[in-house]
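Me: I should like to learn how the features of a protein model are read. Please give the general idea each time, and then the case at hand.

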Amino acid sequence: MKRITLITTIFLLAYQLCAQQKSIEFVEYDLDNGLHVILHQKNKTPVVAVTMLYHVGSKNEDPKRTGFAHFFEHLLFEGSENIERGEFAKYVQNAGGTYNANTSADRTFYYELLPSNQLEMGLWLESERLLHAKIDDEGIETQREVVKEERRQRVDNTPYGSILEEVLKRAYKDHPYQWTTIGSLSHLNSAKKEEFAEFYKTFYVPNNATLSIAGDIDIENTKKLIQQYFGEIPRGGDIPRPTIEEASLNKEVKATVNDKIFLPAVVHAFRIPEQGSEDYYAVEMLTNLLSNGKSSRIYRSVVEEQEKSVQAQVIPLSFEDPGLSITFCIASRGVDVDDLNDAVDAEYEKVRKQLISEKEFQKLRNQIENQKLSSFSTVAGIAEALANYHTYYGDANLINTEIDRYMSVTREDLMRVANKYFVPDNRVRLYYVPGY
């Protein structure tokens, strides 16, 4: 017992020292039009990340017009009144930079990673996307085809590619999380240009955006450039937000899905609390314990020891509103799905009934700390994290302090949330079986 106490003490001291050394400084402020700005100066390398987070995702869509947020992720690279079609990429690439974007249920995020002497160009590009986006018939038709091809590659022609759609429509009956970000192609095909323009006018406005910049910058000069490129953009109207609270499942939802696969699979999707809530941190740690990596409990048990599964992984869906923790296991050849399901259930049962060991707990804490700190190892990671923390929590400084919330989780907390959330009455269970 003394040795364990000593190990714990050393770990906590090391963590406190590391936390002190890793403090990330930043300044933040609002423009008069509501655009929130966060700036982090790090002059070690001549690189700057220019990022823009729009607080709009698939949950903000009309149920009869799903897929709009993801569609706009593509459409807003089409050009603007001052950027010709296809020229956006050329500006970034010719400057030696990279760019990309992604969409979730809760946000749309754009970034450019540029040589620091190209900061002004990055600001110009993002201001054009915000103020002068090109929404015309040619761009809409082009991106409709892009989205169709993306769906064919990622969903329709990929084994197990429909898992998210099959889970979400059963896990949520009222909340707009019930559809995926790619949405319905029939909705996109039916939508008129005026509907796309209205979506842009509603959500792509300064008061629904966070401009986060990190890297080799001068703070005062960057503020002047931001005012120059964004200060005169008009503020938008009030942003509509969904207020639906999804009722508890109260019983296990079971279904069998036929798919073009050779090996069957078992999917467990547990409803979990919204990100940032008191239970969220214990749930995330428990998910890591069970299903993250080859040393996790489920992988070690059902893949390596029992050889009932060839693959076991977690698909975390941490949302602004209550989300899901999805465990996905592909059965080994000849293994029945009920047998695989029972093997996975046995691992849930263990964490519900037994405290994890002190040694395993310290390993878990180390993993969480490493994951969080490594995500802040680049200027792009820092810029994105600052934008996320401000948008979802209203506190960008959580980039420095959120780790404390994880470190305050106890072994007893892990058992408590296991019995609250990782139970059959709180999940969707799917069996994927070969079939057409």
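The dialogue below goes from the whole chain to its cores, helices and loops.

Me: On what footing do the values stand?

Reply: The model is predicted, so that local features need pLDDT of at least 70 and side-chain atom pairs count only at pLDDT 80 or more, while totals for chains, interfaces and linings use all residues. Residues are numbered from 1 along each chain as its sequence is written, and side-chain values use heavy atoms, with hydrogens and water left out.

Me: How many helices and strands does the chain have?

Reply: Helices (H or I, at least four residues) and strands (E, at least two) are DSSP runs, numbered from the N terminus. The chain has 16 helices and eleven strands.

Me: How is the radius of gyration of the chain to be read?

Reply: The radius is taken over C-alpha atoms, and the globule rule is 2.2 Å times the number of residues to the power 0.38. Here the radius of gyration is 23 Å, close to the 22 Å that the rule gives for 436 residues, so the chain is as compact as a globular protein of that length. Its C-alpha trace spans about 60 × 55 × 40 Å along the principal axes.

Me: What share of the residues is buried, and what share of the contacts joins residues 24 or more positions apart?

Reply: Buried means under 20% relative accessible area, exposed over 50%, and partly exposed in between (1.4 Å probe, protein chains only). Of the 436 residues, 56% are buried. Contact means heavy atoms within 4.5 Å. Among contacts with a separation of 6 or more, 81% join residues 24 or more positions apart.

Me: Which residues have the most contacts inside the largest nonpolar core?

Reply: A nonpolar core is a set of buried Ala, Val, Leu, Ile, Met, Phe, Trp, Tyr and Cys residues joined through side-chain atoms within 4.5 Å. The largest has 53 residues, and Y204, I226 and F230 have the most contacts inside it. Helix α4 (residues 119-131) supplies the largest share of this core, six residues. Another core, of 39 residues, lies apart from it and includes I272, V283, M285 and M407. As for I226, its contacts beyond four places in sequence are Y29, L31, V37, L39, L123, L211, I213 and G231.

Me: How should burial along a helix be read?

Reply: An α-helix has 3.6 residues a turn, so residues three or four places apart point the same way. In helix α15 (residues 398-407), seven of the ten residues are buried, namely L398, I399, N400, E402, I403, Y406 and M407. In helix α11 (residues 297-305), the buried residues are R297, I298, Y299, S301, V302 and V303. Their cover includes α10 (280-291), β9 (309-317), β10 (323-331), α12 (337-353) and α13 (358-374).

Me: Which residues does H74 touch, and is H74 buried or exposed?

Reply: H74 belongs to helix α2 (residues 68-75) and is buried, with a relative accessible area of 17%. Leaving out residues up to four places away in sequence, H74 touches Q143, V146, V147 and E150.

Me: Where is phi positive in residues other than glycine?

Reply: One case is Y160, with phi near 65 degrees, in the loop between α5 (137-156) and α6 (163-171). Y160 is buried, at a relative accessible area of 15%. Another is N250, with phi of about 70 degrees, in the loop between α9 (219-230) and β7 (253-259). N250 counts as exposed, at 61% relative accessibility. E307, which follows α11, also has a positive phi, near 55 degrees.
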